[in-house]
Structure formats: structure tokens, C-alpha cells
Amino acid sequence: ISKIFSSGKEGKLFLSQRPYLPLGTLRQAIYYPLEVEENSDAEESLKEVMRLADLEKFIDRLDEVDDWSRILSLGEQQRIAFARVLLFKPHWIFLDESTSALDEPREKIMYDLIRKNLPTAGIISVGHRSTLFALHDKELHLSGGTWQLRNI
């Protein structure tokens, strides 16, 4: 798992429509599947990432143990997944309907966060929203067993 989530050229992160949040503290849920980093730099990075992902209201609850998938709305869970992206800094990010519970302005904010904080990361999105076209520069079109890469 650590190789999959390592930063650099080999780092990849897959975000699904419904992120997995294990039972435990909110901090553990955010860092999943990695172990929680415990140092002052990691603490400040985590808090900054939560602010960026509009999860600031949960900072004081980082060490609460609960079923976070039951407590957080789907939109908040999806923003947790974007916080993971900002923490893990993968080289490739695969988004599968990962913004379906976000409104369009917040969807754009999450994509802009990735572009600003991880400017060299590749982003591949799968989704039904037409708003995704404005957030990408290429489209992979699949049809009848053939494919074509098109500029948007």
C-alpha cells in the first residue's frame, strides 16, 4: 500500500464516489490507509489541508473516535478524499465520480486545489457531469472497441 500511495512518479491515488472511512478517529480516517504521522509539522499540514478542503469545523474533532462514514455527509466525505490527495501528494490522481455530491463551484475549488498544490500531477476523471470538461484539457473517447484522445 505504501508504494501505491508514495509521492513522486510512482505515487497514485484512486478516489471513488464514496470514500472509505474506517472506524476510529477522524485523523485515522483522513490518513487511511497510511499510518498517522505524529509530529508538529504533520499536525500543521493536516490542519492546513483541512482548511483548504473546507473541513475546518472538524479540526477540533480530529481525535474523536466514531463511525465517520455515518457522521459526515457524502460531500464532506468526498472533501476528506481530496484532503488525502493534498496530504499524500501523488503523481497520478484517478477520480471516479469523486465530486458527485459537491455543487459545481465546490467541485471547481477542489480541482483548483489539486492544480495549485500539485501542479505536475496527472488527473484522470470519470464522471457524468458536463462541468468536468471545463476542468480538463483532453477527453478519452471510447466507442465500439476503439478509442480516440481529443482536445477539449
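In this predicted model, strand 6 (138-143) and strand 7 (146-151) each contribute at least two residues to a nonpolar patch. The patch lies on the surface, covers about 510 Å² and is made by Leu140, Leu142, Trp147 and Leu149. Of these residues, Leu142 is placed in strand 6, and its relative accessible area of 62% puts Leu142 in the exposed class, because that class begins over 50%.

The packing of two helices was examined next. The axes of helix 2 (residues 40-52) and helix 4 (residues 74-88) come within 9 Å of each other and cross at roughly 135 degrees, which makes helix 2 oblique to helix 4. The crossing of these two helices is right-handed.

Twelve salt bridges are found in a search of the whole structure, and helix 2 contains both partners in two of the pairs described here. In the pair formed by Lys47 and Glu43, the side chains meet with an N to O distance of 3.7 Å, and the two residues are four positions apart in helix 2, about one turn of the helix. Lys47 is partly exposed at a relative accessible area of 21%, as is Glu43 at 22%. Both residues also belong to a network of salt bridges that links Arg27, Glu43, Lys47 and Asp63. In the other pair, the closest N and O atoms of Glu48 and Arg51 are 3.6 Å apart, with the residues separated by three positions in helix 2, again about one turn; Glu48 has 37% relative accessibility and counts as partly exposed, and Arg51, at 35%, is likewise partly exposed. A further salt bridge joins Asp66 to Arg70, with 3.3 Å between the closest N and O atoms. Here Asp66 is partly exposed, with a relative accessible area of 28%, whereas Arg70 counts as exposed at 58%.

Several backbone features were located in loops. Most residues other than glycine have a negative phi, and most peptide bonds are trans. The peptide bond from Tyr32 to Pro33 is nevertheless cis, with omega near 10 degrees, and Pro33 lies in the loop between helix 1 (26-31) and helix 2. Asp54, although not a glycine, has a positive phi of about 60 degrees; this residue is placed in the loop between helix 2 and strand 3 (65-66) and is partly exposed at 37% relative accessibility. A positive phi, near 55 degrees, is also present at Lys89, which is found in the loop between helix 4 and strand 4 (90-96) and counts as partly exposed, with 46% relative accessibility.

Definitions and conventions:
Residues numbered from 1 in each chain as written. Predicted model: local features only at pLDDT ≥ 70, side-chain atom pairs only at ≥ 80, totals over all residues. Heavy atoms only, no water. Patch = residues over 30% accessible without salt bridge, like charges linked within 9 Å, V, L, I, M, F, W, Y side chains within 5 Å. Areas by Shrake-Rupley, 256 points an atom, 1.4 Å probe, with all protein chains shown as cover. Salt bridge = Lys/Arg side-chain N within 4 Å of Asp/Glu carboxyl O. Buried < 20%, exposed > 50% of the residue type's maximum accessible area, 1.4 Å probe, protein only. Axes fitted to C-alpha atoms, helices over the stretch in contact; angles between N-to-C directions. Parallel < 35°, antiparallel > 145°, perpendicular 65-115°, else oblique. Left-handed = near helix turned anticlockwise from the far one by under 90°.
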